[in-house]
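Biologist: Could you walk me through this one? I would like to start with one loop residue and then move on to the sheet and the core.

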Amino acid sequence: MSRTPVMGRTLAVALTGMHGHLVEVEADIGQTLPGFVLLGLPDQSLQESRDRIKAASRNSGLPLTRRHLTVNLVPAALHKRGPGFDLAIVMASYAADGQVRHVDGAVFLAELGLDGRLRHAPGILPSVMAAVDAGYPEVVVAEESVDEASLVPGARVRGYRTLHDVIRAFGGVPEAPPLTAVMPPGPAAPVEDRPGTGADAADGAGTWAGAAADLADVSGQYEARFALEVAAAGAHHLFLEGSPGAGKTMLAERLPGILPPLDDRTALEATAVRSLGGGAREATGLVRNPPFQSPHHSASMASLVGGGSGVARPGAASLAHGGVLFLDEAPEFDRRVLDALRQPLESGTVTLHRSGGTVRYPARFQLVLAANPCPCGWGAGRGSRCRCTSLQRRRYSGRLSGPLLDRVDIQVTVPAVDASALTSGPAGEDSATVRGRVLAAVRRQHERLAPLGLTRNAHAPATLLRDGPLAVDPRARAAADAAVDRAELTARGHARVMRLAWTVADLRGADRPGAGDVDTALYLRRRTEGEEAA
């Protein structure tokens, strides 16, 4: 009797950056010589899945067919990478052989071990997001990936520990018990049909947020503390310059502690970025506290903005999405690396072009630059200890390009702390007090900007600041207009001063910026424009 042809079909997800493409996994069993052919532009790690799948299925009590097995990954023109297709391939193969049923609507996302264990696959969160968006909410993952997958709203997550458990759950009857001798101890019961909890799942920070340092630890530096508060309230970029030991790093490290928590969308994006690198394996909730990234000054362009062979991976700029990217000793970074930040500073995304395709990662961060005034570090104030020549100082400051500095809203000098402030001065406000004022200012911004599709002052387009509903009264902005006429402010700088003026007004509870708010904004931006005027 001839065998009735059966085609097994399951679903998986192929990731290009953070964007997921639904992939249909087709399996066909032919009557020719035994073999296992994998089609559809698989990479090397995916080609190796054939041997992993054979061993895993055998050790799970249900070996694959001995006939000719052909597996096709559709669309065929899309490159597929990584071991996350293992479970989808083996279940499609079982379906083609009539061993399991009801697999058509499920999305399978897991790697297989040789002993049949289901392993976590990097990129689970964006993969589940893509599946739900495509209309396939039922996803099957490894037990250790359940918490991460359940963060996606609308997802119906089924988690299993072994392939043997998955076979039984989909109507299969293994011929032998699984290979348990090498299994590590742990609960074998599956976690089935857990609904996606989405943004309401976590009331805390997730697993990447550490305990934030407190502003009360900073002695003196009242001007720099105010600049930090304005930066936090309006999502403005910040440049701190001062002698070694003045407190630049202390201030930067305390910025996340006064920032508002991430909104639902940003929290999901920030968690998804970490998932791509496997960083979310132990996550039990969304990243809610703003992340803090501080790469070393020897960092390459790929490590800072993203890159690498094949599909470009996210860099520190994307890992800082929704939080702070702190570049200490900024002039020591390669100038080309720093200038690569100009695009994400404007657009909030990183776009990376490679021969294998184009990927985009979110990168809406607050940039904090810290620098010494000169190579030796002692050129601030009277500079009596400085031994740098004027040429050395110019070369050192020239490592930070004008176009980059023009995108940094606030620039302040952090002077050396005197003994009275260090030992007997009044203690500064703690982070909780400052954060309360920041949150009040952020609420005012949301009420004003929500009808315009915006959230923070730093993201307001220049057109709305000139002629739209965010335009500042001409009498209030007279000082900024005069600075433009004197060529002390660029057109971009004028818009950034207006954004700063709105933030200063929000902090003091005013409905609109006044002349004093514009003067304060000009003062906070004085270094950038002073260098341009010089």
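Modeller: Leaving out residues up to four places away in sequence, Ala 476 touches Pro 513, Gly 514, Ala 515 and Val 518. Bear in mind that this is a predicted model.

Biologist: Where does Ala 476 sit, and is it buried or exposed?

Modeller: Ala 476 lies in the loop between helix H18 (462-466) and helix H19 (478-485), and with a relative accessible area of 10% it is buried, because buried means under 20%. The C-alpha atoms of Ala 476 and Gly 516 are separated by 7.7 Å, although these two residues are 40 apart along the chain.

Biologist: And what about contacts across the protein, how many join residues at least 24 apart?

Modeller: Among the contacts between residues at least 6 apart in sequence, 74% join residues at least 24 apart. The protein has 534 residues, of which 52% are buried, and its secondary structure comes to 22 helices and 17 strands.

Biologist: OK, on to the sheet. What is the strand order?

Modeller: The open sheet of 5 strands runs E12-E13-E16-E11-E17, with parallel pairing. E12 and strand E17 (410-414) stand at the edges with a single partner strand each, so one side of each is left without a neighbour in the sheet.

Biologist: Which strands does E16 pair with, and over how many bridges?

Modeller: E16 pairs in the parallel sense with E11 over 4 bridges, and with E13 in the parallel sense over 4 bridges as well. To give you registers, Leu 240 stands opposite Ala 370 in E16, while Val 324 stands opposite Gln 366 in E16.

Biologist: How many residues of E16 are buried?

Modeller: For E16 the count is 6 of the 6 residues, so the strand is largely enclosed by the rest of the structure. Gln 366, Val 368 and Ala 370 point one way from E16, whereas Leu 367, Leu 369 and Ala 371 point the other way, and all are buried. That fits the general pattern, because in a regular strand the side chains alternate between the two faces of the sheet.

Biologist: And the other side of E11?

Modeller: Strand E11 (residues 238-242) pairs with E17 in the parallel sense over 5 bridges, and there Gly 242 stands opposite Val 414 in E17.

Biologist: Which strands does H7 touch?

Modeller: H7 packs on the sheet and touches E11, strand E16 (366-371) and E17, its direction making about 155° with that of E17.

Biologist: Is the length of H7 what you would expect for its residue count, and what comes just after it?

Modeller: The 13 residues of helix H7 (residues 222-234) should span 18 Å at 1.5 Å a residue, and the end C-alpha atoms are 19 Å apart, which agrees. Just after H7, Ala 235 takes a positive phi of about 65°.

Biologist: How many residues of H7 are buried, and which ones?

Modeller: In H7, 10 of the 13 residues are buried, so the helix is largely enclosed by the rest of the structure. The buried residues include Arg 225 and Glu 229 as well as Leu 228 and Val 230.

Biologist: Changing topic, what does the largest nonpolar core look like?

Modeller: The largest nonpolar core has 60 residues, and those with the most contacts inside it are Val 128, Leu 304, Leu 325, Leu 327, Leu 341, Phe 365 and Leu 367. The largest share of this core, 7 residues, comes from helix H4 (residues 124-133). Setting aside neighbours within four places in sequence, Leu 367 is in contact with several residues, among them His 237, Leu 238, Leu 345 and Leu 404. There is also a second, separate core of 50 residues, which includes Val 230, Leu 240, Phe 326 and Ala 370.

Biologist: Last thing, how many aromatic pairs are there?

Modeller: The count comes to 2 aromatic pairs. Phe 108 and Phe 170 form a tilted pair, 5.4 Å centre to centre with 55° between the planes. This pair links distant parts of the chain, since Phe 108 is in strand E5 (residues 107-109) and Phe 170 is in the loop between helix H6 (163-169) and strand E10 (191-195), 62 residues apart. Phe 108 is buried at a relative accessible area of 0%, and Phe 170 counts as buried at 4%. Phe 292 and Phe 326 also form a tilted pair, 6.1 Å centre to centre with 35° between the planes.

Note on methods. Residues numbered from 1 in each chain as written. Predicted model: local features only at pLDDT ≥ 70, side-chain atom pairs only at ≥ 80, totals over all residues. Heavy atoms only, no water. Phe/Tyr/Trp six-rings, centres within 6.5 Å; stacked < 30°, edge-to-face > 60°. Helix = DSSP H or I, 4+ residues; strand = E, 2+ residues; numbered from the N terminus. Buried < 20%, exposed > 50% of the residue type's maximum accessible area, 1.4 Å probe, protein only. Expected span 1.5 Å × (residues − 1). Pairing = 2+ DSSP bridges. Contact = heavy atoms within 4.5 Å. Axes fitted to C-alpha atoms, helices over the stretch in contact; angles between N-to-C directions. Core = buried A, V, L, I, M, F, W, Y, C linked by side-chain atoms within 4.5 Å.
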